[in-house]
Amino acid sequence: MGKSLYIAEKPSVAQEFAKALHLKTKRGDGYLESEESIVTWCVGHLVTMSYPEVYDEKYKRWSLETLPFLPKEFKYEVIPGVANQFRIVSGLLNRPDVDTIYVCTDSGREGEYIYRLVEQMAEVRGKRRLRVWIDSQTEEEILRGIREAKDLSEYDNLSASAYLRAKEDYLMGINFSRLLTLKYGNSISNYLNKKYSVISVGRVMTCVLGMVVRREREIREFVETPFYRVLGRMEAGGQILEGEWKAVEGSRYFGSPALYKENGFKEKRHAEDLIRFLGQEQPLQCRIETVERKKEKKNPPLLFNLAELQNECSKRFKISPDETLRIVQELYEKKLVTYPRTDARVLSTAVAKEIHKNLNGLMKYEPAVPFLNDIVAMGSHKGLAKSRYVNDKQITDHYAIIPTGQGLGALKSLPQLSARVYDVIVRRFLSIFYPAAVYQKVSVVTNMKGERFFASLKVLAEEGYLKVVGVPKPKKDGKSGEDTAWNEDSSIAEDAGLFEVIKALRKGMVLPVAELLIKEGKTSPPKRYNSGSLILAMENAGQLIEDEELRAQIKGSGIGTSATRGEILKKLFNNKYLALNKKTQIVTPTLEGEMIFDVVDHSIKSLLNPELTASWEKGLTYVADGDITSEEYMVKLEAFITSRTRGVLGLNNQYELRGCYDRAARFYTRPGRQNTARKRTSNHREQERKEVKK
C-alpha cells in the first residue's frame with residue numbers, strides 16, 4: 001500500500017495536520033515524513049501566470065499595435081523566489097510510493113487555485129486526489145475534513161472559476177493598463193512633472209477608485225443649506241419636555257413653499273412669524289392630544305463575516321481591513337476562530353447541532369464565563385438551529401466567523417490588539433444566545449393654537465443581548481469614545497426621571513410652555529468612506545448600506561471577494577491613487593488618483609461601474625456553480641476587452657482631459673512645481689478682493 005501525501009498552503013498549517021494525524025515524522029527538506037504519510041506545503045503561490053513577453057518577444061515593448069493581447073493558451077511559470085519549494089513539492093507529488101494526495105490548501109477559490117497550478121506544472125498523473133475542506137484548524141475539524149474528503153474532481157467548477165478570475169484580472173490589467181498608459185500616460189506625467197506615469201488598471205481596483213473619487217466630488221459640490229426648526233420647552237412634573245414643531249395636516253403651514261421639510265423653514269423670518277403667532281396668548285400653554293406608549297425590540301445582530309468584522313475593527317480600533325485580515329488569519333491559525341475569508345453571516349445546521357462544544361470550550365476564556373452561565377440557565381443554545389442565525393441556503397464555502405472554543409493557551413502570547421479582536425468575535429457570538437434588547441418608548445403630541453409639537457423619549461427596559469456587547473451610551477457634543485462608536489443605537493435617554501414623568505401624562509392635560517425657540521440647522525454633505533465602510537460598500541456592489549438587516553436581505557456578489565478586498569485597497573494606497581488617514585481610517589483620493597479616474601471616465605467608463613464589476617464576479621459564481629461554462633465566460637471577456645480597446649484607439653480627447661485635470665488640481669498642491677491651477681484661482685480671488693475695495 002502506498003503513502004498518503006498531505007499538501008497544505010503554509011508550513012504552520014502542515015504542522016497542524018501532522019499533529020492532528022499523530023504522525024511520528026522525521027523532517028526532510030521542505031516536508032515531514034512518517035512510515036505511512038508525508039506532509040508538505042506551499043508557501044502561498046508557487047506558480048504564476050507568465051508575462052506577455054514569454055509568449056512573444058515583441059510584447060516586451062509596450063505598443064498600441066500589439067493590443068489587444070488575447071492568448072489562446074495561457075502560459076505559467078514557477079515563481080523564482082520559491083522555486084526550491086516547488087521542486088520539493090513536485091518531486092513528492094510524483095513519487096512512485098505516493099498513491100493518494102490530500103489537498104489541504106485553504107478551503108476556498110484561491111486555495112484551490114494554488115494547488116491546481118502546482119499540480120499542473122508538476123504534471124501529476126495517475127494519483128488519487130482528495131480535497132480536504134475544513135472550517136477551522138482544530139484537531140477535530142482537521143480529522144473530520146480528512147475523513148469526509150471528496151474526490152478533487154468535485155471541485156473542478158470551483159477550480160475553473162479560479163482560473164477565470166486570474167485570467168480576467170491578468171487580461172484586463174495588461175490590456176487596459178498598457179492601452180491607457182500609452183494613450184494618456186504622458187499627459188499625466190507632464191501635468192504632475194513626473195518622469196513617467198503608468199496607469200494601473202484593474203477590474204476591481206479601478207471600480208473602487210471610482211467610488212472614492214465620486215464621493216469626494218459629491219462632497220465638494222455639496223452646497224450647505226440652512227434651515228430653521230421651532231422647539232417648545234414644556235413643563236411637566238418639575239421636568240422640561242422638549243417638543244419639535246412639525247407642519248402636519250391642520251397646520252397653517254401645511255404644504256407651504258416656505259418649508260424646508262415638515263419640521264423646518266428655509267428662512268428664519270418664517271420661524272419667527274410662527275413664534276409670534278403662538279405667543280399672542282399668554283400664559284403660553286399647550287394641550288396634550290395623544291400619548292403613545294410602546295415597546296421596541298432590537299435583536300442581536302447576525303454573526304461576523306470578514307467584511308463586517310473589518311468594518312467593526314475599522315470603527316472600534318481604527319485599523320485597516322488588511323490589518324484586520326492579518327489578525328483574524330493569525331487567530332485562525334492559532335485555532336481560536338473559524339475560517340476568516342467568508343461571506344456568510346450565519347451558521348450551518350450541522351454546526352448548530354454541535355455548538356455546545358464551542359460554548360464548553362469558551363469556559364476557559366474568563367471574560368465569557370458569566371455569559372456562558374446565563375446561556376446554560378436559559379437553555380437558549382438548544383434552540384439555535386431554528387433561529388435566524390442558522391441558514392444552510394446562505395452558506396456557500398464557509399459559515400460565519402465564530403470562536404472555536406479551542407487554542408486559548410495561545411491568547412497570552414498574542415498582541416493586545418489581536419486579543420481585543422478575538423474578544424469582539426466572542427461577544428458577537430455569545431450575543432446570539434441572548435434575547436432581544438427591549439426599549440420602552442413614549443411619544444407625546446401637544447397642540448398650541450392648532451400647531452402640533454412632537455416629543456418622544458426612549459429608555460432601555462431589558463438589556464437582553466446588550467449585556468454581552470455593552471449598553472450603548474448617547475453621544476455628547478457630537479463625539480463618541482471607542483465604547484460608544486461601535487454600538488448601533490445611541491438614542492437611549494439617560495434621564496429616567498423625565499421618562500417617569502412622561503409616562504404619567506394623559507390625553508387632555510394642559511402643560512405650561514416655558515419657552516419657544518428657534519434652532520438653526522444645516523444640511524450635511526455625504527460622508528467620506530473610511531476603510532471599513534468602503535469594504536462594506538464593495539461587498540454590496542458599491543452601495544454603502546448602513547442598516548444591518550437590509551444588508552443581509554440584498555446579499556449577493558459584490559465587488560471583489562472577502563479574500564481580496566483588503567488587498568485591493570492596499571494596492572490603491574501603495575499606488576498612491578488613494579490616501580489613508582491611519583488615525584481616522586478615512587479614505588480620500590490623491591490628485592493622480594482623480595486624474596486616472598478622469599482618464600477612465602473618458603475612455604472605458606464601464607470599468608467604473610460597480611454593478612457591472614459585480615456582474616463579472618457573479619459570472620464567476622455561475623461558473624463555480626456549473627451554470628455556465630468557462631468557454632462561455634471567456635467569449636464574453638474577450639469581446640469586452642476587444643471592443644473597449646478598439647474604442648479607446650479611436651479617441652482623441654487629450655485636450656478635453658486637460659480641463660478635467662485642472663478642475664481636480666484646484667484641491668491639491670502638485671509636486672515638483674507650483675500648482676498653476678490653484679495659483680490661477682488664488683490670483684482670481686485676489687483680483688476680486690481688489691475690485692471690491694475699489
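In this predicted model, Tyr 113 is buried, its relative accessible area amounting to 5%. Tyr 163 is likewise buried, with a relative accessible area of 14%, a value that falls under the 20% limit for this class. The structure holds 20 aromatic pairs, and one of them is formed by the two residues just named: the ring centres of Tyr 113 and Tyr 163 lie 5.1 Å apart with the planes at 90°, so the arrangement is edge-to-face. Because Tyr 113 belongs to helix α4 (residues 109–122) whereas Tyr 163 belongs to helix α6, this pair ties together parts of the chain that are 50 residues apart in sequence.

Aromatic side chains also come together in a cluster, which is made up of Tyr 55, Tyr 59, Phe 69, Phe 74 and Tyr 170. Contacts between a charge and a ring are found as well. The charged end of Arg 215 is placed over the ring of Tyr 529, at 4.4 Å from the centre of that ring, while Lys 458 lies over the face of Tyr 439, with a distance of 4.6 Å to the ring centre.

On the surface, a nonpolar patch is formed by Trp 62, Leu 182, Tyr 196 and Val 198, which together have about 380 Å² of accessible area. Of these residues, Val 198 is located in the loop between α6 (156–192) and α7 (205–221). The relative accessibility of Val 198 is 39%, and this residue therefore counts as partly exposed, since the class covers values between the 20% limit for buried residues and the 50% limit for exposed ones.

Notes
Residues are numbered from 1 along each chain as its sequence is written. This is a predicted model: local features need pLDDT of at least 70, side-chain atom pairs count only at pLDDT 80 or more; totals for chains, interfaces and linings use all residues. Side-chain values use heavy atoms; hydrogens and water are left out. Patches are made of residues with over 30% relative accessible area and no salt bridge: like charges are joined within 9 Å, nonpolar side chains (Val, Leu, Ile, Met, Phe, Trp, Tyr) within 5 Å. Accessible areas come from the Shrake-Rupley method with a 1.4 Å probe; for residues, only the protein chains shown count as cover. A salt bridge is a side-chain nitrogen of Lys or Arg within 4 Å of a carboxyl oxygen of Asp or Glu. Helices (H or I, at least four residues) and strands (E, at least two) are DSSP runs, numbered from the N terminus. Buried means under 20% relative accessible area, exposed over 50%, partly exposed in between (1.4 Å probe, protein chains only). Rings of Phe, Tyr and Trp (its six-membered ring) pair if their centres lie within 6.5 Å; planes under 30 degrees apart count as stacked, over 60 as edge-to-face and the rest as tilted. A charge sits over a ring if NZ of Lys or CZ of Arg is within 6 Å of the ring centre and within 35 degrees of the ring normal.
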